[in-house]
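Please open the model in a viewer with the sequence panel visible. The tour below proceeds from selection to selection.

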Amino acid sequence: MPHGRLGAMSDVLSAEELEERLKKLPEWELVSGAIERTSDLATVVEAMAVANTLADLADEANPHPHIDNRWTKVRLAPAPHSAGWITAQDTEMAQRVDRA
């Protein structure tokens with residue numbers, strides 16, 4: 001995990017801020033420097049519907065997350081490429097996903 005704040009964006013989260021935000025996002029976990037959520041659905045059709053909903057949310061917010069659909073599993077990981085680390089925008093996207 002990085003030390004302190006990285007990247008040029010002012011909304012990059014410190015390790016402590018991220019830990020606090022993840023407490024409010026129990027379905028999400030920190031994996032390889034990004035937050036991600038994996039959902040295991042009953043059918044491929046349900047998984048595709050979830051992936052399409054996630055795509056609509058991502059398009060509205062423009063955070064360019066990674067959406068991976070494998071049979072009945074859908075994984076979403078907001079990608080903090082430009083910031084260099086997880087931002088407030090990434091955790092806000094996670095909250096929107098949880099409400100969808």
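Over how many bridges do E3 and E4 pair, and in which sense? In this predicted model, the two strands are joined by five bridges and run antiparallel.

**The E3-E4 hairpin**

Select strand E3, residues 66-70, together with strand E4, residues 73-77. Within this pair, Asp68 has Arg75 of E4 as its bridge partner. The two strands form a hairpin in which two residues lie between them. Next, select Trp71, which belongs to the loop between E3 and E4. The phi angle of Trp71 is near 55°, a positive value in a residue other than glycine. Is Trp71 buried or exposed? Its relative accessible area is 66%, and because exposed means over 50%, Trp71 counts as exposed.

**The whole chain**

Now display the entire chain as a cartoon. The chain contains three helices and four strands. Followed along the sequence, these elements give the pattern α-β-β-α-β-β-α. Of the 100 residues in the chain, 35% are buried. Contacts can also be viewed by sequence separation: among those between residues at least 6 apart, 64% join residues at least 24 apart.

**The sheet**

Hide the helices and keep the strands. In which order do the four strands lie in the sheet? The order is E1-E2-E4-E3, in an open sheet with antiparallel pairing. Strand E1 (29-31) and strand E3 (66-70) are the edge strands, each of which pairs on one side only. On average, neighbouring strands of this sheet are turned by 30° against each other, direction ignored.

Select E2 (34-40) with E4 (73-77). These strands pair in the antiparallel sense, over four bridges. One residue pair to display here is Asp40 and Lys73, the latter being the bridge partner in E4.

**The E1-E2 hairpin**

Move to the edge formed by E1. Three bridges join E1 to E2, and the two strands run antiparallel. Two facing pairs can be shown as sticks. Glu29 stands opposite Glu36 in E2, and Leu30 stands opposite Ile35 in E2.

Which residue of this hairpin takes a positive phi? Select Ser32: its phi is near 50°, in a hairpin with two residues between the strands. Ser32 lies in the loop between E1 and E2, and it is a residue other than glycine. With a relative accessible area of 79%, Ser32 is exposed.

**Helix H3 against the sheet**

Restore the helices and select helix H3, residues 88-99. Which strands does H3 touch where it packs on the sheet? The helix touches E2 and E4, and its direction makes about 15° with that of E2.

Within H3, select Met93. Met93 has a relative accessibility of 0% and counts as buried. A distance label can be placed from Met93 to Ala77: their C-alpha atoms are separated by 9.7 Å, while the two residues are 16 apart along the chain.

Step back along the chain to Thr87, in the loop between E4 and H3. Is Thr87 buried or exposed? The relative accessibility of Thr87 is 3%, and because buried means under 20%, Thr87 counts as buried. To see its surroundings, select Asp11, Val12 and Leu13, which Thr87 touches when residues up to four places away in sequence are left out.

**The largest pocket**

The final stop concerns empty space. Rolling a probe the size of a water molecule over the atoms shows where such space is left. The largest pocket has a volume of about 170 Å³. To display its lining, select Trp28, Arg37, Ser39, Val50, Thr53, Leu54, Val74, Arg75, Leu76, Val97 and Ala100.

Which elements each supply at least two residues of this lining? They are strand E2 (34-40), helix H2 (44-61) and strand E4 (73-77). Colouring the lining by residue class gives seven nonpolar, two polar and two charged residues. Arg75 appears here for a second time on the tour: it is part of the pocket lining, and it is also the bridge partner of Asp68.

How values were computed. Residues numbered from 1 in each chain as written. Predicted model: local features only at pLDDT ≥ 70, side-chain atom pairs only at ≥ 80, totals over all residues. Heavy atoms only, no water. 1 Å grid on protein atoms, 1.4 Å probe; cavity = no way out; pocket = protein on both sides within 12 Å on 5 of 7 lines; lining within 4 Å. Points joined across faces, edges and corners; volume = space filled by probe spheres on them. Nonpolar A, V, L, I, M, F, W, Y, C, P; charged D, E, K, R; others polar. Pairing = 2+ DSSP bridges. Axes fitted to C-alpha atoms, helices over the stretch in contact; angles between N-to-C directions. Contact = heavy atoms within 4.5 Å. Buried < 20%, exposed > 50% of the residue type's maximum accessible area, 1.4 Å probe, protein only.
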